[in-house]
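Let's take a relaxed walk through one part of a protein model. Have a look at the structure first, and then we'll go through who touches whom.

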Amino acid sequence: MSSASAFLARLKPDNFTLALLTTVAIASVLPCTGQTAVVFGDVTTFAIGLLFFLHGAKLSREAIVAGLTHWRLHLLVLACTFVLFPILGLALKPVALAVLTPDLYLGLLFLCMLPSTVQSSIAMTAMGRGNVPAAICSASASNFLGIFITPLLVGAFIVQGQAERSSLDAVLAIVLQLLVPFIAGQVCRRWIGAWVDRHKPMLKYVDQGSILLVVYTAFSEAVSEGLWHKLSPQLLLALGLICCVLLAVVLGLSFWASRRLGFSSADEVTIVFCGSKKSLASGVPMAKVLFATSSLGMIILPVMLFHQIQLMVCAVLAQRFAQRAD
């Protein structure tokens with residue numbers, strides 16, 4: 001395969017992205033309403049709880065302990081995730097509100113307050129010859145701390161009245177819906193951990209299935225509220241460009257900071273990938289807990305778009321880092 005063909009292959013949407021687009025299309029044509037929407041909501045809540053239970057059962061405590069000694073790296077990743085991103089989101093407000101609707105900017109700001117991804121951060125770090133044990137610890141810590149930090153950031157900086165709960169109520173709701181199943185999974189790992197490790201594809205299906213359920217219910221509500229009358233191609237293009245600028249700035253600053261602070265090449269790769277990612281798997285369930293259902297479709301749209309952009313860009317970067325290492 002030529003280099004041009006390989007580059008185009010990396011830009012091709014993956015199966016999950018195609019499934020997201022299909023789900024949005026189905027919600028646009030056949031939105032769930034009334035009692036059906038209530039049933040879908042209950043099923044979605046159960047699926048999200050199962051998702052975090054299995055994540056807890058999957059996460060190895062040994063991997064966390066092994067990575068904890070690299071505290072400087074983890075602090076830099078957390079600073080990129082929960083300090084740099086929100087600052088950039090707030091700094092972009094004048095430009096974003098000039099070209100986006102208030103709900104889309106709200107979604108963009110919410111995106112900036114999310115934790116890092118786990119699976120793709122580790123996968124990209126491994127592909128780029130980075131420090132994989134540190135990536136496992138850093139991405140896992142980001143997701144765990146995000147259960148507390150994200151709702152506090154939302155309560156502190158999201159426009160008043162837009163969030164459905166106060167920051168403390170949001171933390172409590174997320175603890176009950178996400179953290180309690182996660183801890184239960186960790187407790188049960190001694191009995192079911194080996195089985196979960198042998199059936200990792202099952203976790204992938206639960207992960208993706210729960211996201212698709214939230215997307216379907218959210219977009220069903222948004223379509224009923226006139227989403228496609230409010231969202232034009234120009235708005236989507238503007239949102240995509242802003243997401244690209246946001247990602248480029250974070251990638252550049254995280255790479256510069258890792259160099260300035262004297263990290264090794266393997267650690268640079270870990271910092272760049274763990275510090276620049278935002279979690280769709282955590283973001284969509286958190287949005288469901290934090291925000292009113294009527295605005296949920298517009299709020300998760302930036303998260304979905306940024307997810308695809310970060311995957312394509314970081315796949316190319318991972319190849320570059322691998323070539324540098326070789």
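## A phenylalanine and its neighbours

Leaving aside residues up to four places away in sequence, Phe110 touches Thr150, Val154, Ile158, Gly283, Met286, Ala287, Leu290, Phe291, Ile299 and Val303. Keep in mind that this is a predicted model.

Where does Phe110 sit? Phe110 is one of the buried residues of helix H7, alongside Leu104, Tyr105, Leu106, Gly107, Leu108, Leu109, Leu111 and Cys112. Nine of the eleven residues of H7 (residues 102-112) are buried, so this helix is largely enclosed by the rest of the structure.

Phe110 also turns up in the largest nonpolar core, which has 90 residues. Leu108, Phe110, Leu246 and Phe291 are the ones that touch the most other members. The largest share of this core, 14 residues, comes from helix H16 (residues 296-325).

Now for a pair of helices. Two packed helices are described by the angle between their axes and the distance between the axes. For H9 (residues 132-157) and H15 (residues 280-290), the axes come within 11 Å and cross at roughly 40°. That angle is why H9 counts as oblique to H15. The crossing of H9 past H15 is right-handed.

Here is who makes the contact:

| Helix | Contact residues |
|---|---|
| H9 | Asn143, Gly146, Ile147, Thr150, Pro151, Val154 |
| H15 | Ser282, Met286, Leu290 |

What sort of residues are in this contact, nonpolar, polar or charged? They divide into five nonpolar, four polar and no charged. Several names may look familiar: Thr150, Val154, Met286 and Leu290 also touch Phe110.

Technical notes
Residues numbered from 1 in each chain as written. Predicted model: local features only at pLDDT ≥ 70, side-chain atom pairs only at ≥ 80, totals over all residues. Heavy atoms only, no water. Axes fitted to C-alpha atoms, helices over the stretch in contact; angles between N-to-C directions. Helix = DSSP H or I, 4+ residues; strand = E, 2+ residues; numbered from the N terminus. Parallel < 35°, antiparallel > 145°, perpendicular 65-115°, else oblique. Left-handed = near helix turned anticlockwise from the far one by under 90°. Contact = heavy atoms within 4.5 Å. Nonpolar A, V, L, I, M, F, W, Y, C, P; charged D, E, K, R; others polar. Core = buried A, V, L, I, M, F, W, Y, C linked by side-chain atoms within 4.5 Å. Buried < 20%, exposed > 50% of the residue type's maximum accessible area, 1.4 Å probe, protein only.
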